[in-house]
Structures are given as structure tokens and as C-alpha cells.
Amino acid sequence: MITYDLLVAICLAYVVVLFAVAFWAERRAAAGRDNWLRAPLVYTLSLSVYCTAWTFYGAVGYAARSGLEFVTIYLGPTLVLIGWWWTLRKLVRIGKTQRITSIADLISSRYGKSNTLGVIVTLLAVVGTTPYIALQLQSVTLSFAVFVPQGAGRWSSIDPNATAVAVAAGLALFTVLFGTRNLDANERHHGVVMAIAVEAVVKLFALLAVGSFVVWGLGGGPGEMMARINASPVAQDQIRAGRWIGLTFLSAAAVLTLPRMFQVLVVENADEKHLATASWAFPLYLMLMSLFVVPIAVIGLEVMPPQANPDLFVLTVPLDQGRELLATLAFLGGFSSATSMVIVAAIALSTMVSNHIVMPLFLNWKSEGATMSGDVRKLVLRARRFSIAGVLFLGYLYYRLSGGSEALAAIGLISFAGVAQVLPALLGGIFWRGATRRGALAGLVTGFALWAYTLFLPSFGEGAVMSARLLAEGPWGIGWLRPQALFGVQMDPVVHAVFWSLILNVLAFFSGSLAGFPGPMERLQGAQFVNVFERSAEGRAWTHGQAEAEDLLLMAQRILGPAEAQALFHRVAADQGKGGYLPDITPEFLQHLERELAGSVGAATAHAMVGQIVGRSSVSVGDLMAVADETAQMMEYSSQLEAKSEELARTARQLREANEKLTALSIQKDAFLSQISHELRTPMTSIRAFSEILIETKNLAPEERTRYSRVIHEEALRLTRLLDDLLDLSVLENGQVTLHEQAADLSDLLDRAAAAAGCSGPGGIRIRRDPARERIRIFTDTDRLTQVFINLIANAQKYCAAEVPELRVEVREAGGRLAVDFIDNGAGIPRKSQALIFEKFSRLTDPRSAGGAGLGLAICREVMSKLGGSIIYLPGQRGAAFRVTLPQACRRAA
Amino acid sequence: MTRRTRLFLEREGYRRRRLRDMARLLPVLGIVLFLLPLLHGRPEAGVIAYLFLAWAGLILLAGLLSRRLQEDPPAPPGESGP
Amino acid sequence: MGKHVLLIEDEPNIIEAIRFILSRDGWRVDTHSDGQSALDAVLDRRPDVVILDVMLPNRSGYDILREIREQDEIGSLPVLLLTAKGQAKDREMAERLGASRFMTKPFSNTEVLAALRELFPQ
């Protein structure tokens, strides 16, 4: 007999392997070597989260009790998958173009980015999934119990609850580790998907192994097996037509609406082509999973004692035959089924909870709005982690409260029926433009309520939630309102509930949709969803907004992270023909940005955040016209016109910008001479005045004499410095400079610069650095580069007006270039001055207080261009921020 | 020359449209096949065997269709395979 | 009460030098170094002569001069304008605005003294 301890050890080893696989996949993906992680096979295998412990163990039990009916649970998904051209293809395309993060997000986004709908679907999903998670925990504890010898005192010391707690905690840890690594849900969870794929292989292999053993080892080969099946009670029950059709339909609906299935089918989909492979490969997987179910059930009924639980035949039959290795394999298969379901369900639910409940609450609570709130990125991740722990805790709680009873066994179908209530809103939303928010709301609420009344609440058993009297006679004795026989119709409870809840759901959905008039945003989104293949053009929710690009950048950085947000803004600006990081606020840009944000926080939240900044979230008359103009020709024509007029506007804007800059430059050129004169004459005045005093005054006190001499000396130095700067600049500008290139450590250069800028003293600015990231060997003119650093640090020292001045130096590598950012915590530089600070003598504040001539940044710019890099002002950092970029060639392998 | 090329492309386009029609019809066929066991009533070994054969057949068809549907855009004339 | 001069200038070294030179000659020297509130300072202190720098923080010396000339009570106050720019157009500007004297930095100490004695003879 395999010992309990050995089993625990095997189980732990298996978990370690899963962690390793997930970690390895994450590493490969991070290194960009994710080619075969994105293979269609991995995608197909990840869909196997459909097969939970309920199907792994339960299918055999189901077959033992009700014959062939279990197979309907697999037939539904088969039909949906081979019919991918109808529905799944469209869902995946919509998921991609709209950056959908969950099924709640899809519904919310489709119906005018309504968060109410998002919340309802989220609640529905949580209520429907929690018992299902409890079921998985139960199956794991039960399968552990099988391995404990009968009557041994040992089991009493092993608390089944402790097993459940350990499993739930382990799963929470795994999910948090690999499920909340990156924020953007559209950046798929490579580690999780890979681990799920491995588990998929294990469970299929385990079930096929047990099946083969049963057919060839116990059943005497396929021929004799057929005879045994015919003789078995399994083949005696009539197939019940109502349940056969109802359950096939229900499982087909579930594969589309289960949060975890939506997660793997749509959200984690890396390439639409993978769906084509999955369309036949996943049905094949399902067929293989169910191939040996009937034989195992038949043999199990033959060889096992009558009181044995058929739900555990997959384990007990091999164990009974002394095949411990096989039983262990089967155990791992069941363990895999349970864990993969829980992991994916927890990820899907936590995304919904954080995007539709936590974030909106937070945004509401933070009245200052999106720009002012704290680091949203961290908040979202934290919200997801807490949600994952919360979901698993709920599952465990449900397991404890339901007492691990048989009540759980039926929960699979109940859960299916619950999430299937989303189906009308989902299909209506992607196929019918007339579907409205009001209709979806009515349908969901009706369906949800009826499901709870007819199936979910009665499932707790008589007297638990509903009294026996209520079940038998209906509320207040009204017979036609009996929960399990509405309108006096008597059928199988599950079919009854599915029938009434969905019929009335659809009815409410249609009448709600037809009765009202959809808002502009709904119509816009409706058109985009329904016509996703015809119209890949962007929807136009945002017209000429007054948003400040800088505010948007500030917000985007909070959510996407600084590097990614900056890259996005830079790219868009470049596409518009502009330099820098602040593109024009075009409707296309806002749309694009909103989608990117939606990938992290969901459509409704992203819309609300952009709306807060842009200052208007309604849709203009022009947008309505665009929706109303249905013919493709009109769309084509108007979009051409728009493109042309936009191009004209852009050219005009560029000309205006160039002209403004030229004018500003010419004024500066004109002022140049007078500036030089002023800069030279001011120190000279002091020198002349004091030297005359020294010459003329006979009886000057010695201390006065020293003081005046010192003034003369200081002012002479100031003159020298100014002349040096001028000469330096002129040499640089005329290109007569020779570079002395040598290898050095970036951190050394920064050390040197910090020391030279004199910020080590008590009044100096505090510099925050990250030495680990600065350990980069570069090859360049180190003296020149240090000169630039000194200038930037000295500038921050002079101009940063914060109470506790602080300068952050951040080194990052992006796109092969090395960027060093200098960001202080002062007031920053006003937008209108940002374009001019690199020009000569362009001091912004009181010149004398700083003591420089306003040439520093001009010199920096020249130096950097000589070194083949650049220096720019980095907007959107609160304080003044400069980015020094070095070319790739500077980077030297250490 | 040009006429022939266009004709060829049109035929190709026609084929593709019919392939999509088949992809749309496949689940309908599946529904019909999966409902047939109801006529027999008892889930005897023969019925089970039939169900799995029908299932395998559908998977095979879906596999063939998905391969053909993925070949897009249509290969230029002269290079297209048999 | 003695001769009273108001020096409007922001370079501390230059302030110190002029103060030294003038106090030795018996002048009472008041200083002010901000452009924005310079006019109020003149109205408040009522000096006999004003020495005004052109490049002041927040406000140009030219603007201050124009405002002094617009006030009835101090409209005829003698003002010595100092500039470090020294271009022809600066001199023209000073004359047009009604500066009593115009000097370019760097100046000689005796020149400044002479100019002041001339502007406020006793």
C-alpha cells in the first residue's frame, strides 16, 4: 500500500515541477523566446481547464448512475468549437480589437462601457464559480482520503479541512505569483498557460492509462468489453431526451460564458490562427477524455463493492487491483484537473473583481480624479492579489459550510446554468446591433433571479435556505410559483431551471432592447462589435478634446508603467510627424490610448479615466452621424475627407510650429549680443568699482581690503567661466571638437559628476541612485559626458525649489539605447518654456541667484549631439526631468 | 492572359466562400448526428460506438476545413498546389 | 537732513561698491533690489536722487522709469539710469523715457559721484 506520506511527497514534487515549468515559461517569454510557447498546441491544451475534477472523477460516477448522459457535457463544447466560424472567431477578434480583459468586461464594453453590467456579470461569475471551486477542493481531499488505509487511526489525525486549506493556500500562492506578474491582461500569462498545458497532458495521459488498463487488463479487450457494457446496468437506462438536449445546450453555453473558459479562449489567445487548430484538436481532446469513461464505470460496478463511491472509480479500481503506480498517476490526473481549474478561475474572477468593483470604487473615492491619484498600477496589482486570495477563501468557506456533502456533486451543472445567463447578452451583443444596455440588464437580472430561485437556492437541500413547504407548495401556497415546477410544469430540475431562466432571460433581453432607445456610446460600441470584421476602422468616441497631453501621459505612466507609456506617446507623436513625447490629442490617439489602458483596468474604467482628463465623456453630433451613416460608401468617403483635412491641419500646424520657433530664435539671436554684453559687463562693473576703491582709499581697514579683493577675485573667475563656456559652445557648434573616447563605468562618471557639482555638502540636493542598474561599461568621451551630468545635477541643485530637494537618477535600456534620466522633485518647467530651454541664454528664473550664464543646457545639447546621443526634456514627471540618451555603440560588454 | 488570371482568382474566391459555408454548416451536422442516439433510446455498446465514430468523423472534417480555411490569402496563380 | 539717494539694483557686489563710494561722500544710501515694488519704494522713501538699473528681476528699469515720470509728486525726480547692455538703442530708449543721466557699466567711481552732484547740487 502506498503510504499517505509518500503520496504527499509525490504531490509536492509535482507542484514543484509545475512551479518550475511556469517559471521557465515566464523566463523564456521575458527573453522574447516565446515562439513555441505560443504554439497552437499549447493554446489547445490550455482549453482543457474545461475538464475539471468534476469531469475527471465525476464523469465515471455520472456514467455509473445515468449511463451515456455524461457525454453531453463534452458534446456541447465540441459543437461550439467545430462551429468556431460562427461565434468564437468573432469573440476572439472582438477581444483583440477592444482589448477585452474578461467576460464582464466584454459585456460592459459592448453595452456602452457600462460598469453596472460589469458589476452584475462579476457578481454572477463569483456566485456561480465559488461552489465550483469548493467542488475542486472537495475532490482533492476525497482523493487523498482514498489512499488512507481503512480503519487506520492515522486518518483521524489528518484533518481533511487541513488538506483543503493547504491546497487552497498553495493555489493562491501559485496564482498570485504567476497570474499577477504583468498588469496588462492582454499580455498573456505565459507561465500559467504553460503549467495548465502540462497538467492537461498529465490528466489525459492518466485517464487513458486507467482506461487502457480497464479495457485490456480487466475487460478482456474491446470485443468482450462491448458485451460487458451491454450486460451492465449502465446500458439499461433509457436516454432521457429532455436532459440529453438540455445538457448539450447547457454545456455549449457554458464553454462560451464560463469565466475561466473565456479567459483561456479569448483573453489568453495569442493568435487567431490558433483557434483554427483548436477547432478540431480540442474536440479530439474531449473525445479522448470521454473514450474510457463508460468502460471504467462498467468494470467499476462489476468489481467494486456496491457501497463504493462511483465518483472515485478512476482511483479505486486500479488501487483495488493492486496497481498503486497507476492509482498514483490517476491521483495526479485528478489533482491536475482540480488545480488548473482553480488557478484559471481565480485569475479570471480576480480580473473582474478588481476592474469592475475595486477600481471604480477607488476612482469614486479619490475625488481628485485619475491624474492625482497614487500609483494606480500598484493598486490594481494589489487589488488582483487580494481578489485571488478572496476568491479562494470564498471557495474554501463554501466547502466548509456545505460540509463536503453530496450536495456538491450536483454543483457542476448548477454552476453551468448560472453563468449561462450571460449567453443572451453575449450573443445578442455580438450579432444584433439593436441589443441595448437596458435589455442586457433586464435579461441578466431576470435570468440570475430565476436561476437562484429555481436551482441554486433549492440545491442547498430542503430546509437549508428554502423550507420544505415552500418547495412543495410554493410561496404563500401559490402552486404555480413552486421553485421546481414553475407554471405547473414538471420536468427534471436542471432542465426546468435552464428552460425557464433562459426563456425569460431572452424575453426580458429582447423586450428591454426593443422598448428603449440606446445611448450614443452604446450604438457606437454595438456597431463596432457586430461589424468587427467589416469595420476594422477605429470607433470615434473622442472628438477634439481639450485634454492636456501631459496629463494623459502622467496617468498612462501610472497604469502602463513609465517606459511603456513613454514609448507609446513617443510612437504616436512620431506618427503624427512630431518629436518629443507629447502627441496632438486626436480622436484616434485617445481611442488608441483608451484601448491600451483597457487592457489593464477594463474598458469602463479606462473610459472613465480618460473622460476625467479630457473633460467630456459624451459623444458628439459628429459621432452620431458616423453611426447613422451606415452605408460603407459613406463611411469610406467621409473617412477619406477626414484624413485629408487632418493632413492639411497637420501640415499647417507643423508650419506654424516651425514659424514660431524661428521667430523665437531670431528674437534670441538679436538679444544675443546684448546678452553677452550684459553678462560680461556685470562682473566687470564690480571689478572696476572695487579696484578703484582699493586704489583711491588710503585708510581702508585690513578686513575690508581682504573682502574687496575677494570680490574682485570671484568676479574675475565668473568672467573666465563665462568666456570658457562661450568658447566651448562656439567650438562645439562649429564642429571643431575632437573626442577623446575611452571606456568607463557609467556609475563612476555619475560619481564624479555628483562630486564635481558639489552636492555632497549639507545644503546640497539629495541624489537617489540605483547602483545596480548603473553598472554599465560604456565607451565614449567620458569627460564630455561627465560635463553634461555635472550640468544637469548642478541645474537641479540651483533650480529645484522643493522643501527637501531630491534628484532621481534612473538608468534604463530601451530599444538598444541607454537612457539616463535626471528627475527632480521641484516644480518642473512650464510647457511653453520647454521648447526653449536648450537655447543659449534662456534662463527661466532670476539669473543672478543662479550665477550661470544660461549656456549650460545649450552646451549639453551640443555635447550630446557630438557624442551621437541626445538630451531632451521629459515631460509628465512632475518635477524637471531630463533624459540623456546614448547610442547603442557606446554600450560595451563588461 | 489577364482574363485567365482573373477567372482563376474568381474560381478561387468562389471555393473559399463555399468552404466558409461548410464551416458554418458543420455544427449543424454535428447537432443532427448527436441527436440520433435519442431515436434508439437505450445506450447499448453499438450506440456508444456510433457516437464516438460520429464524433471522430466531425473532428476529421473540422480538421480538414480548418487547414483549408487557414490558407489565406489564396496563393498566386501558378504557385498554388493541387 | 543731508543728501538722500535710493539705489535700485540687484547685484549685491555692485550695491556694496556704490554704497561705499556714496556714503564716503556724505550721501544717505537706501537700496532696493526688486523691480516689481520699486515704484512703491520711491514713493515711500522720497529720495533726492534715484540710481536705477535697467536689468532688474521681474520688471525692467525702463518700465519703472516710465511710471516715475507719470506720477505727479515724483515726476521730476532726477534719475540716473545704469545699464550693462550699452547699445545705441538702449541710450535712445533712456532719453525717450526721460532719464536725467545714462551711464554704461562698468562705470568709474568718480564719474558716478560727479553725476550725482550734478543732479542734486547743494
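This section describes the predicted model of an assembly with chains A, B and C, chain by chain and then at one contact.

Chain A has 894 residues, and 49% of them count as buried. Its secondary structure comprises 37 helices and eight strands. Contacts in chain A with a separation of 6 or more were also sorted by distance along the sequence. Residues 24 or more positions apart make up 80% of them.

One helix pair in chain A was examined in detail. Helix 11 covers residues 190-218, and helix 16 covers residues 293-303. Their axes come within 9 Å and cross at roughly 55°. Helix 11 and helix 16 of chain A are therefore oblique to each other. The crossing of these two helices is left-handed. Helix 11 contributes V210(A), G211(A), V214(A), V215(A) and L218(A) to the contact. Helix 16 answers with P295(A), I296(A) and I299(A). By class, the contact between these helices holds seven nonpolar residues, one polar residue and no charged residues. The spacing along a helix bears on such lists. An α-helix has 3.6 residues a turn, so residues three or four places apart point the same way.

Helix 25 of chain A spans residues 520-530. Nine of its 11 residues are buried, so helix 25 is largely enclosed by the rest of the structure. The buried set begins with M521(A), E522(A), R523(A), L524(A) and Q525(A). G526(A), Q528(A), F529(A) and V530(A) are also buried in helix 25.

Chain B has 82 residues, of which buried residues make up 21%. The chain has three helices and zero strands. From the N terminus on, its elements run α-α-α. An unreviewed UniProt entry places the feature "transmembrane region" at residues 21-39 and 45-65 of chain B. The model can be compared with each annotated span. Residues 21-39 of chain B are 95% helix and 0% strand. The end C-alpha atoms of that span are 28 Å apart. Residues 45-65 of chain B are 100% helix and 0% strand. Here the end C-alpha atoms lie 30 Å apart.

In chain C, attention falls on one annotated position. An unreviewed UniProt entry places the feature "modified residue: 4-aspartylphosphate" at D53(C). In the model, D53(C) lies in strand 3 of chain C, which covers residues 49-53. D53(C) is buried, with 24 other C-beta atoms within 10 Å; the cut-off for a buried residue is 20 or more. Residues up to four places away in sequence were left out of its list of contacts. On that basis, D53(C) touches I8(C), E9(C) and D10(C). D53(C) also touches G61(C) and L82(C).

Chain A and chain C meet in a contact that takes 17 residues from chain A and 18 residues from chain C. On the chain A side, helix 31 (632-696) and helix 32 (702-733) each supply at least two residues. Helix 31 of chain A gives the most to this side, with 13 residues. The residues of chain A that touch chain C divide into five nonpolar, six polar and six charged. The contact of helix 11 with helix 16 inside chain A, in turn, has no charged residues.

How values were computed
Residues are numbered from 1 along each chain as its sequence is written. Chains are lettered from A and ligands numbered from 1 in the order in which they are written. This is a predicted model: local features need pLDDT of at least 70, side-chain atom pairs count only at pLDDT 80 or more; totals for chains, interfaces and linings use all residues. UniProt positions are given in the numbering used here, feature names are shortened, and annotations may be inferred rather than shown by experiment. Helices (H or I, at least four residues) and strands (E, at least two) are DSSP runs, numbered from the N terminus. Two residues are in contact if their C-beta atoms, placed from the backbone, lie within 7 Å. Ala, Val, Leu, Ile, Met, Phe, Trp, Tyr, Cys and Pro count as nonpolar, Asp, Glu, Lys and Arg as charged, and the others, Gly among them, as polar. A residue is buried if 20 or more other C-beta atoms lie within 10 Å of its own, exposed if 12 or fewer, and partly exposed in between; C-beta atoms are placed from the backbone. Axes are lines fitted to C-alpha atoms, for helices over the stretch in contact, and angles run from 0 to 180 degrees between N-to-C directions. Angles under 35 degrees count as roughly parallel, over 145 as roughly antiparallel, 65 to 115 as roughly perpendicular and the rest as oblique. A crossing is left-handed if the near helix is turned anticlockwise from the far one by less than a right angle, and right-handed if clockwise.
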